[in-house]
Amino acid sequence: AAVFWISNPDNIVRGNVAAGSEHSGFWLGFAEHPIGLSATMTVWPRRTPLRMFSGNVSHSNTMRGLYVDGAPNPDRTTSTTNYEPRQNPASATSPLVPPVFDKLVSYKNRYAGAWIRSLARPILQSAKLADNGMGVHFISFGSGAGYIQDSLIAGETGNKGNPESWETRGLDGRELPHFWAPSDTVKAIEYYEGPMAVRRTAFANFVPNSQRNAGAISNFSPNPYWVSSLNGSTGLSFYNSKKVWFEPLGARNNGEAYSVLTDADGSIGGVAGWHIVPRNPVLVTSSCAFRSAWNAYLCPHTYVGVRIITSYGTDLNGTVVRRDDGASHILTSVSPSMLNMNLIEGRSHSLTLPFTAPKRMSFVRTEQAGKAVRLSLPYPLSPFTVTLRGLKVAGSSSLGDLVSGGSKYFYDVAAKRLYLRLISDSGSWQEYIVTRP
């Protein structure tokens, strides 16, 4: 259900108005290949560059103003889809072409003004978003950051809408995006996965009240998935707004619990290069400053990401990560065989698994080229190998040797404990595989 259903990005979509859809105003769902009567294996919509999307208006839709996701399957169901436009759509290795969504005006959509899922560094620019349940939900990940830039996002305006008599209203009588959940926080940006960045953008009228909270900058909550260590912002301005609000951590939260937002120029917290992190003891030290109004900390540390993957059927929920000074956090995830963390560079961390280490475990490093994560975990006394790109990683003769250098490990026979030093040399995905018979 969409006003404009667009299945081929090689079109000019300019100067249109979409309103009142049961789902989205503009739904851009790009299948791998065309389906139905147009079915062919020689056309690649999902990899085709976006010709033009500019100057469009979308309002009063039940879900989203702009939705770039949810491509159709041959049976007419839809699936989560990462748009990946390339110079040569027929080649999966051809250079990516960032899609640009220009001058979007999107307001009074119950869930989001815009939802964009792409691994091609998407750009939402010169947008005006207002009175949405959330301004932008930006699912950007891949070889570099996507950008929301040169835009204006307003939490509430003088346009109070026309609520039905049976709807719960705002304190000033306005129509609420979520009348069924009037306490839901009003947000502009939800950081999710990434990397994504916001730059040269203004936020207005994100004001908490006794009915619900508000915050211009936030993180997706609850979020069991990975969050980039490179998410951040620069050149932001705020008018009549709470700058940040992080929801209290709940269950299945290892994404939001390890979310890190870099305030590159200090336009949020006042100190350039510091990071906004949630109330997770593993991310916080005495060098951090707590902002109670934000429910978050400002910290000077560098954070490095690591992902732990075990075989299907194992359940990592309940794993405890403990920093070298004793600060700890219990990890939970909706994907029980995968856990995701961003950890302070230069500190060692130990893992306590809820079971004996399985015969195969992967530790993935990506982003933050040349920076290391040091992890340890109980490991059975048995022959094992640590490999990277099919090559064996060198073992060290002492634990002290892991403080510097490249990829390596140390096994403490007496303690039956494996210590790993994990690095991504280039910032790309690097998977360390630990196996035993």
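What is the handedness of the disulfide of Cys288 and Cys299? In the predicted model, the torsion about the S-S bond of this pair is about 120°, and the disulfide is therefore right-handed. The structure holds one disulfide, in which the sulfur atoms of Cys288 and Cys299 lie 2.1 Å apart. The pair links distant parts of the chain, the two cysteines being 11 residues apart. Cys288 is located in the loop between strand S23 (274-277) and strand S24 (289-291), whereas Cys299 belongs to strand S25 (residues 296-299). Both partners fall below the 20% limit of relative accessible area that defines a buried residue: Cys288 is buried at 13%, and Cys299 is buried at 0%.

With respect to overall architecture, the protein chain contains zero helices and 37 strands. Its radius of gyration is 23 Å, close to the 22 Å that the globule rule gives for 437 residues, so the chain is as compact as a globular protein of that length. Along the principal axes, the C-alpha atoms fill a box of roughly 70 × 55 × 40 Å. Of the 437 residues, 54% count as buried. Among contacts in the protein chain with a separation of 6 or more, 68% are accounted for by residues 24 or more positions apart.

Strand S15 (residues 134-140) is largely enclosed by the rest of the structure, because seven of its seven residues are buried. Two pairings of this strand were identified, with S12 and with S18. Strand S12 (residues 112-118) and S15 pair in the parallel sense over five bridges, and within this pairing Ile116 has Phe138 of S15 as its bridge partner. The pairing of S15 with strand S18 (residues 186-191) is likewise in the parallel sense and extends over three bridges. Here Val136 is matched with Ile189 of S18.

Ile189 also appears in the analysis of nonpolar packing, being listed with Leu28, Leu66, Leu124, Phe203 and Ile217 as the residues with the most contacts inside the largest nonpolar core, which has 43 residues. A second, separate core of 42 residues includes Leu331, Val373, Phe384 and Leu388. In soluble globular proteins, nonpolar side chains tend to be buried together. Within the largest core, Leu28 is one of the residues with the most contacts. Beyond residues up to four places away in sequence, Leu28 touches Ile6, Leu50, Phe53, Leu66, Tyr67, Val68, Asp69 and Phe101.

Tyr111 is placed in the loop between strand S11 (105-107) and S12. With a relative accessible area of 33%, this residue is partly exposed, as the value lies between the limits of 20% for buried and 50% for exposed residues. When neighbours within four places in sequence are left aside, the contacts of Tyr111 are Thr62, Met63, Arg64, Gly133, Met134, His178 and Trp180. Of these, Met134 lies in the residue range of S15 (134-140). The C-alpha atoms of Tyr111 and Glu256, which are 145 residues apart along the chain, are separated by 19 Å.

Further along the chain, an open sheet of six strands shows mixed pairing, with the order S28-S27-S30-S32-S36-S35. Its edge strands, S28 (328-330) and S35 (408-412), each pair on one side only. Neighbouring strands of the sheet are turned against each other by 20° on average, direction ignored. Inside the sheet, strand S30 (residues 348-352) and strand S32 (residues 372-378) pair in the parallel sense over three bridges, and Ser350 has Ser376 of S32 as its bridge partner.

Strand S33 (residues 385-388) takes part in two antiparallel pairings, with S37 and with S34. The pairing with strand S37 (residues 430-435) comprises four bridges, and in it Val386 is matched with Val434. The pairing with strand S34 (residues 391-392) comprises two bridges, with Leu391 of S34 as the bridge partner of Leu388. S33 and S34 form a hairpin with two residues between them, and Arg389 in the turn has a positive phi of about 55°. Leu388, a bridged residue of this hairpin, is also included in the second core of 42 residues.

How values were computed
Residues are numbered from 1 along each chain as its sequence is written. This is a predicted model: local features need pLDDT of at least 70, side-chain atom pairs count only at pLDDT 80 or more; totals for chains, interfaces and linings use all residues. Side-chain values use heavy atoms; hydrogens and water are left out. Buried means under 20% relative accessible area, exposed over 50%, partly exposed in between (1.4 Å probe, protein chains only). Two strands pair if DSSP finds at least two bridges between them. A nonpolar core is a set of buried Ala, Val, Leu, Ile, Met, Phe, Trp, Tyr and Cys residues joined through side-chain atoms within 4.5 Å. Contact means heavy atoms within 4.5 Å. Axes are lines fitted to C-alpha atoms, for helices over the stretch in contact, and angles run from 0 to 180 degrees between N-to-C directions. A disulfide is a pair of cysteine sulfur atoms within 2.5 Å. The radius of gyration is taken over C-alpha atoms; the globule rule is 2.2 Å times the number of residues to the power 0.38.
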